[in-house]
Amino acid sequence: MWERDNEVCMDNITIQGKSGISRIMVGESLPALSRHIPATGVFIITDKNVAAHYHSEFPDFPVYVAEPGEESKDFAVMTKIWHWLLDQGADRSSFIVGIGGGVVCDLAGFVASTFMRGIPFGFVATSLLAQVDASVGGKNGVNLGGYKNIIGTFTQPEFVICDTSMLKTLPDGEFRNGMAEVIKHALIRDADKFDFLKNHRNEILNREREAINHIVNRSVNIKAGIVQADELERGERRLLNFGHTWGHAVEKENKIPHGQAVSIGMAFAASLSVHLGNLKETELNDIHLLLQEYKLPLNMELDKNRVFDTLLRDKKKEKDKMNFVLLKTIGKAFVKEMDTDVIKEFALTF
Ligand code: ADP
Ligand code: ZN
């Protein structure tokens, strides 16, 4: 439902998770945060970049400022934050707010869901990736010895504020990273969104609020719908892995940003879908064009054998079969159990 509030379109989407209700507010603003948190006992976690731009707009509570970047999703950092909370007098009745991108949301969610066996928390998601992906779904993970998100919890935040006006300060590369996930949502579930992305490219790239609110909103709806149906990731939620099987392996092997790797992974999965006779060649061309329009890569110099070995290692599965997310058409994905040999053979030609 759309509400007119100071000319801002705010859309509330709720997820009923095992650990409670989570409310995602697209178009709500950082200055309105205090309306959604308790009057006392609040602790804020953010990172240096977000603090540099927005600290003055935070409500007046203690703030832990982490170093930006994936390296902060580490137990040494967790330990520091747990100590900080104790030193600040946090207890079972406290409330944690993460203000930042996916890393901060993971940190804050993990810290909150483990501190004193779990205290409530909420997010202000400030990166496009966090707004459309990381903050929705209740997964909070940290890294261990090179394994990403291997330690974590499934706990929903009480709320997620997606303040799309904060995306104005997001570096271009980070914005494109988020766009890869936005395009993924269109490809797996939403042909209309695919058209919108095609027809409103300039507004989106200029980060005009109305267009951005629209795409964030659609993405959150898609992700929330899937997560709601499958909170613990047994069935439908696998569709969200579209582009991520090959993508993760490329990301690991070539140390490129997640969004770029997912873009290559989506191009891979779409081509494989054509190869297997599911997707039309013309649709593949449309997908290529859209990715390029958003300055996302279709492929790169790769040692395919090594990427494939990484992919198998990642899956840690019986080696002869694996689930792969493919496209039937733009807007419709499905999971297919495939022989790994078939994937490998295709990979060598990709
Ligand atoms: P993710 O891409 O998963 O959101 P991060 O949390 O690492 O990953 O965020 C990406 C980068 O963007 C980080 O360096 C973070 O500090 C920065 N960042 C996040 N939100 C903003 C924002 N609104 N303005 C400027 N920089 C931001
Ligand atoms: Zn992703």
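A polar contact here is a pair of N or O atoms within 3.5 Å. Threonine 169 fits that description, because one of its polar side-chain atoms lies 2.7 Å from a nitrogen atom of ligand 1. Keep in mind that this is a predicted model. The rest of this briefing looks at what surrounds the ligand, and then at how the two domains meet.

**Around ligand 1**

- Ligand 1 has 17 residues around it, and the closest are Asp47, Gly102, Thr126, Ser127 and Thr169.
- Serine 127 puts a polar side-chain atom 2.5 Å from an oxygen atom of the ligand.
- Threonine 126, for its part, has an N or O atom in its side chain 2.7 Å from a nitrogen atom of ligand 1.
- Threonine 169 also has its polar side-chain atom 2.7 Å from a ligand nitrogen.

**The two domains**

- The domain assignment splits the protein into domain 1, residues 11-169, and domain 2, residues 172-347.
- Measure from C-alpha centre to C-alpha centre and domain 1 and domain 2 come out 26 Å apart.
- As for who touches whom, 29 residues of domain 1 are in contact with 28 residues of domain 2.
- Between them, the domains bury an area of about 2,500 Å², with carbon and sulfur atoms giving 59% of it.

**What links them**

- Two salt bridges are counted between domain 1 and domain 2.
- Lysine 223 pairs up with aspartate 133 in a salt bridge, and their closest N and O atoms are 2.9 Å apart.
- Nine residue pairs are in polar contact across the interface of the two domains, both partners being at pLDDT 80 or more.

**The domain 1 side of the interface**

- Four elements each supply at least two residues to the side of domain 1 that touches domain 2: strand S2 (8-17), strand S3 (20-26), helix H4 (128-134) and strand S9 (147-154).
- S2 gives the largest share of that side, with six residues.
- Sorted by class, the side of domain 1 that touches domain 2 has twelve nonpolar, ten polar and seven charged residues.

Note on methods:
Residues are numbered from 1 along each chain as its sequence is written. Chains are lettered from A and ligands numbered from 1 in the order in which they are written. This is a predicted model: local features need pLDDT of at least 70, side-chain atom pairs count only at pLDDT 80 or more; totals for chains, interfaces and linings use all residues. Side-chain values use heavy atoms; hydrogens and water are left out. Domain bounds come from an automatic or database domain assignment. Contact means heavy atoms within 4.5 Å. Buried area is the accessible area (1.4 Å probe) that two parts lose on being put together, summed over both. A salt bridge is a side-chain nitrogen of Lys or Arg within 4 Å of a carboxyl oxygen of Asp or Glu. A polar contact is a pair of N or O atoms within 3.5 Å; within protein, one must be able to donate a hydrogen and the other to accept it, and residues adjacent in sequence count only if both atoms are side-chain atoms. Ala, Val, Leu, Ile, Met, Phe, Trp, Tyr, Cys and Pro count as nonpolar, Asp, Glu, Lys and Arg as charged, and the others, Gly among them, as polar. A residue is near a molecule or strand if one of its heavy atoms lies within 4 Å of it.
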